[in-house]
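Open the model in your viewer and keep the sequence beside it, since each stop on this tour asks you to select something and then look around it. The tour begins at a single side chain and widens from there.

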Amino acid sequence: MHAPDRAHDLSWMQRAINLAALCPPAAGAYSVGAIIVGEDGDQLASGYSRATGPREHAEEVALAQLPQDDPRLARATIYSTLEPCSQRNASRTPCAQRILEAGIPRVVIAWREPSLFVDDCVGYEQLVEAGVIVVELPELKAAAKAVNAHLGGLA
C-alpha cells in the first residue's frame, strides 16, 4: 500500500486542490479534485468534478480511468480534496462506495463535507468502518475550501 510521509501527502493533496480549481463552478455542487497514487508513488489517475459530465464527482472521474479489477488499486491511495460522498441525489453510486468497491485501502482528504447539500455525510465513517485508512490534512482545509468560494456560506 502506498503510505508516504506527511510531506508527500501534502504534496499530492496540493495537486488535487489544483485540479479542483479547474472545475466549472456549479451552484449546487462542490469543486473537488482527486488523484489515485499507486504503491510506487506514481500517479495512476486523476479527475475533478464535472470534468467529463455535469453530475460527475472527482473520485468517479478518476476511478473511471482504470479497469475496475486493476490490481494496483489494492495498494493505492486516493487523494480527494473533500470527504467522499455517502449519498447522491441521483441514481449514481456514492464515491465512498465506489472506493470500497475498487478496494483502495487508503484515503486522504483535506476536509469533511459540511451539511450544505447533505445533512449528514458519513463517507469518512463508512470507509473507516470498512477498514480503510483515512487521513485528514487540516492544514490544507482552507485551500480546498477556497476553490468552493462560489458556494458561499462555507464556514
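Begin by selecting T77 and R106, whose side chains make a polar contact at 3.5 Å; a polar contact here is a pair of N or O atoms within 3.5 Å, where, within protein, one must be able to donate a hydrogen and the other to accept it, and where residues adjacent in sequence count only if both atoms are side-chain atoms. Before going further, note that this is a predicted model, in which local features need pLDDT of at least 70 and side-chain atom pairs count only at pLDDT 80 or more, while totals for chains, interfaces and linings use all residues. Residues are numbered from 1 along each chain as its sequence is written, and side-chain values use heavy atoms, with hydrogens and water left out.

Is T77 buried or exposed? T77 is buried, with a relative accessible area of 0%, where buried means under 20% relative accessible area, exposed means over 50%, and partly exposed lies in between, all with a 1.4 Å probe and protein chains only. T77 belongs to strand β3; strands (E, at least two residues) and helices (H or I, at least four) are DSSP runs, numbered from the N terminus.

Now select the whole of β3, residues 77–80, together with β4, residues 106–109, and you will find two parallel strands joined by 4 bridges. Within this pair, I78 stands opposite V107 of β4. Strands of a sheet pair through backbone hydrogen bonds, in either the parallel or the antiparallel sense, and two strands are taken as paired here if DSSP finds at least two bridges between them.

Widen the selection to the open sheet, whose 5 strands come in the order β2-β1-β3-β4-β5 with mixed pairing. At its edges are β2 (43–48) and β5 (133–136), each of which pairs on one side only. From one strand to the next the twist averages 15°.

Next, select β1, which spans residues 33–37, and ask which of its residues are buried on each side. On one side these are G33, I35 and V37, and on the other A34 and I36, so that both faces of the strand are covered. On one flank β1 pairs with β3 in the antiparallel sense over 4 bridges, and here I36 stands opposite I78. β1 is also joined to β2 by 5 bridges, again with the strands running antiparallel; I36 has A45 as its bridge partner in β2, while I35 has S46. The hairpin of β1 and β2 has 5 residues between the strands, and in it G41 takes a positive phi near 90°.

Follow the chain past β2 into the loop that leads to α2 (58–63), where R50 is found. Its phi is near 65°, a positive value in a residue other than glycine, whereas most residues other than glycine have a negative phi. At 11% relative accessibility, R50 counts as buried.

Turn to helix α1, residues 6–20, which lies across β1, β2, β3, β4 and β5 and runs at about 135° to β1. Contact means heavy atoms within 4.5 Å, and axes are lines fitted to C-alpha atoms, for helices over the stretch in contact, with angles running from 0 to 180 degrees between N-to-C directions. R15 has its place in α1 and is partly exposed, with a relative accessible area of 41%. R15 and S46 are 31 residues apart in sequence and 9.7 Å apart in space, C-alpha to C-alpha.

Now color the largest nonpolar core, which has 21 residues, with M13, Y30, I35, Y79, V108, A110 and W111 making the most contacts inside it. Such a core is a set of buried Ala, Val, Leu, Ile, Met, Phe, Trp, Tyr and Cys residues joined through side-chain atoms within 4.5 Å. Its largest share, 5 residues, comes from α1. A second, separate core of 18 residues includes A45, L63, L66 and I99.

Finish with the cysteines, where the count comes to 0 disulfides, a disulfide being a pair of cysteine sulfur atoms within 2.5 Å. Why is C85 not bonded to C95? The sulfur of C85 is 3.8 Å from that of C95, its closest cysteine sulfur, and this is too far for a bond. C85 counts as buried at 7% relative accessibility. C23 is buried as well, at 6%, and its nearest cysteine sulfur, that of C95, is 12 Å away.
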